[in-house]
Structures are given as structure tokens and as C-alpha cells.
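Visitor: Please show me the model, and then let me ask about charges and rings.

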Amino acid sequence: MHIAIVVNTFPTVSETFIVNQITALIDEGHTVKIYSKKKGSLETIHNSILKYSLLEEAYFNRKKPYNKIKRVLLFFKLLFQHSFELNWGLLFKAFNFLKYGNDALSLTLFYKLQFFILHKKFDVIHAHFGVHARPIVGLKAKGFLRKCKLIVSFHGFDINPSKIEYYKTYYNTLFKYADEITVNTQYTKALLLEVNPTLTNISLLPVGLDTNLFQKKEPPHLIDEDFKLVYCGRLVPFKGALLLPQILNELEVRGIQSIALKIIGNGVLKEPLINEIEKFNLQHKITVLGAITQEDIKAIFSASDAFILPGIYNHLDGGRAENQGLVIQEAQAMELPVIVSDVGGMKYGLIPNETGFVVKENDISGFVDAIRKLIENPLLAKQMGEKGRAFVVENYDSKVLVQQLLAIYLR
């Protein structure tokens, strides 16, 4: 198949799951082109993007120049650059001034359709995040791209619980023209059904990872070393990072001294988090690393004993919560027991009490109990880690999920 992947920014460090999906489709023998509104930073770039030369397959939207001469010159330049792969039928349709009037004559439709005109016909258009699918839906509503199947994946920020009433209008046309909608967890599905209870074309398709890349490498064992805990995620309210100093402080109060926590990630809460760490005088136990590369993340996971993500419902943002949290599966793939809260969709990404623990929201004592259980039962921690990897390989590996995705494309 010839597949168009629609995103807002490419590449971006926080959306590795999209790269995983693209590379899995390529491995299956399909042609993939990436349509991005903006070009992301190339400072920190995943190896897969280089390995598969994905930047060469990416097209970045060109805005319609305000100046008419520049607009026409860019139009001919783009046609010349893509002369061997033009979709001539769509090009001529975009110039139907009898039907589309000034939108056709002013090249407005051309610039809206540029990606699809400049590349051969696609079988499937797959838009990630509902908000980024709306321009495609608008084109379908005008009569374009009708023969291309449209798949829309909702991931989280595009379905905020506080905006359910707003989404009933905002996504109304999307629901009409999307051939299939995918969601990452039952939590996301429930939110969508609040928006439109009549939806029947929703498929559960979590985002996945390459489990061959996420494999534990045994570090040299040091006698009497600390129990190493790791958090990885953006430092934003709904991830719950501000609870971590409280958890570590409670462990100290209970007499558990041999523990260290590494916090990976950046965000608006970085300074408040550092202040909390200093308030509890935990600088010797907690290290805030900021944003690091995927390779460095894997090295830290390999040297850690457990993963923690104490997410909360952010009531200042309408109850926003973690919809899936792919890092939970990445940690399990590297044989780490995981400790998460029962908020949002996180609890669906592990086997409770077998590959990790699910703790009630804001339950500091509950998190401490879970960590203590792992510290005092090394064999249990090891068994949980092994079961966690088997669980992720079976249910979240990109090669497994791409077969489910292809079944959706072909349906």
C-alpha cells in the first residue's frame, strides 16, 4: 500500500511511537510518506529516523505566499520538483474554477492539497491526533480525497475531558468522514464515546515499541548498592512528578535509606520539583537529569531496579490524565517492575500485581508500600520484570501492532 502519515511536527522526540509505526510499516513492504506541518529539531534525533532515511520521506507544508507573483513561482517550482510523481487528476480537480471559484483560481486549493497533489495517489491517509486530522477532513468534505481511506488516531491531548461538549461540534465532521478511529486505551475510548455515543468504528490500538531495541543489559553488580528507582516523562502536572519527593521522604521516615531516584524529563515543573527536593533535603537521593537521548534512557533503565509514574488527574486542566504512557511498556520491556497510579489509561498497560503495581491516586503510603515490597523481595522484583517483558513482547511490540493496523487499513 501507499500510505500517508499526517503529523503536526516531524521529527519530535516525544512521539517515538509514530516512528515505530512508520518503520514497522516499511518493514512490511509498504511505501510511507510523512506529511508534517512543521519541521522539528534535529539536535536529538532517534536512530530509526536515520536508519530508515525518514527525513527523505517527509514533506513539510509550504504556506501559500501572500504575494501573488511569489505564489505562482512557488507553485511552478513545486510542480517541477515533483514532476515524476504528480497526482494529475487531483491537480486538475483543484483548478475546477466553475465548482470552487476563487479558491481554485487563487491557488488556495492547490496549497491546501499540495502534499496529495505532489505525490502519487495514496491508499490510506493516517492522521495522528484528532486536531491534526481536521484539515484532511475539510478537504474530504469539499469532495477531495474521497477514495483515500482516512484513519484517525487519538492519543491524549486531543481529547481533554474538560472539553467534551466543545468536541461535539469540533469533531462532528471528523466523525462523519473518518473511516476508522483508533484509540490507545479503553480510557481514551470512553472519552470519545462521551463525545459521540453512536460511534461504532473505534478500534483499540495502543502505541508500541521495538522490543529488540528495549532489552535489559545487565550492569556490573555492586555490593550494598542503592535500590535504583527511575521516573521518565515530561515534568507536567498530570504526570505526578511533584509527588516523588514526598514518596522518597516517606521512605526515609520509614527507615529505608538505601534508595536513589533518577528523574528523566523537562517541563514547566522542573523548578518547582527541584524546590520540593530541596525542601525535603533529598538532593543526595534524587537526581533531575532533564531531557536525554533514547540511548541514555535505555542505559539508565538497564541500571535501575524499578520504574515509577505516579500520575494524577490535573483538575486545573479539566481533569487531564495520562492516556497510555508508552514509557510504562518501555520500562517493562527492559524487565523493570512498574509502579503507576490508577489514573487515566496507565493501569491498562500492565498486569497488576504480576508485572507491577497499581496504586490509588495521590496515595503516598501506597507507593511506599509497593517500593518496599520490591526492595524486600528481590526474587519477586525479578519475576515481575521477566513477566513484564513477556507481556510487552506479546502485546505491544511494533511488529505485533502493525499487523493489527494493517487489518484496519484493509478492512
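The questions below deal with charged side chains first and aromatic rings afterwards.

Visitor: What kind of model is this, and at what pLDDT do side-chain atom pairs count?

Guide: Residues are numbered from 1 along each chain as its sequence is written, and side-chain values use heavy atoms, with hydrogens and water left out. This is a predicted model, where totals for chains, interfaces and linings use all residues, local features need pLDDT of at least 70, and side-chain atom pairs count only at pLDDT 80 or more.

Visitor: How many salt bridges does the structure hold?

Guide: Side chains of opposite charge can pair when their charged atoms come close. A salt bridge here is a side-chain nitrogen of Lys or Arg within 4 Å of a carboxyl oxygen of Asp or Glu. The number of salt bridges in the structure is twelve.

Visitor: Glu57 forms a salt bridge with Lys33; how many residues apart are they?

Guide: The closest N and O atoms of Glu57 and Lys33 are 3.1 Å apart. The pair links distant parts of the chain, with Lys33 in strand β2 (residues 31-39) and Glu57 in the loop between α2 (47-51) and β3 (58-60), at a separation of 24 residues. Helices (H or I, at least four residues) and strands (E, at least two) are DSSP runs, numbered from the N terminus. The value asked for is 24 residues.

Visitor: Is Lys33 buried or exposed?

Guide: Buried means under 20% relative accessible area, exposed over 50%, and partly exposed in between (1.4 Å probe, protein chains only). Glu57 has 27% and is therefore partly exposed. Lys33 has a relative accessible area of 14%, so Lys33 is buried.

Visitor: Arg411 and Glu180 meet in a salt bridge; which of the two counts as exposed?

Guide: The N to O distance of this salt bridge is 3.0 Å. It joins strand β6 (residues 180-183), which holds Glu180, to the segment after α18 (398-410), which holds Arg411, across 231 residues. Glu180 counts as buried, at 10% relative accessibility. The residue that counts as exposed, at 63%, is Arg411.

Visitor: Where do Lys279 and Glu276 lie?

Guide: Lys279 and Glu276 form a salt bridge, with their closest N and O atoms 3.2 Å apart. They are three residues apart, about one turn of the helix, and both lie in helix α13 (residues 270-279).

Visitor: Which residues do salt bridges that share partners join into one network?

Guide: Sharing of partners links several side chains into one network. Its members are Glu250, Arg254 and Asp369.

Visitor: How many aromatic pairs does a search of the whole structure find?

Guide: Rings of Phe, Tyr and Trp (its six-membered ring) pair if their centres lie within 6.5 Å; planes under 30 degrees apart count as stacked, over 60 as edge-to-face and the rest as tilted. The search finds 23.

Visitor: What is the arrangement of the rings of Phe115 and Phe122?

Guide: Phe115 is buried at 0% relative accessibility, and Phe122 is buried at 2%. Their ring centres are 5.2 Å apart and their planes lie at 15°, so the pair is stacked.

Visitor: What is the angle between the planes of Tyr166 and Tyr167?

Guide: Tyr166 counts as partly exposed at 48% relative accessibility, whereas Tyr167 counts as buried at 4%. Both belong to one aromatic cluster with Phe154, Tyr170, Tyr171 and Phe175. Their ring centres are 5.9 Å apart, and the pair is tilted, with an angle of 50°.
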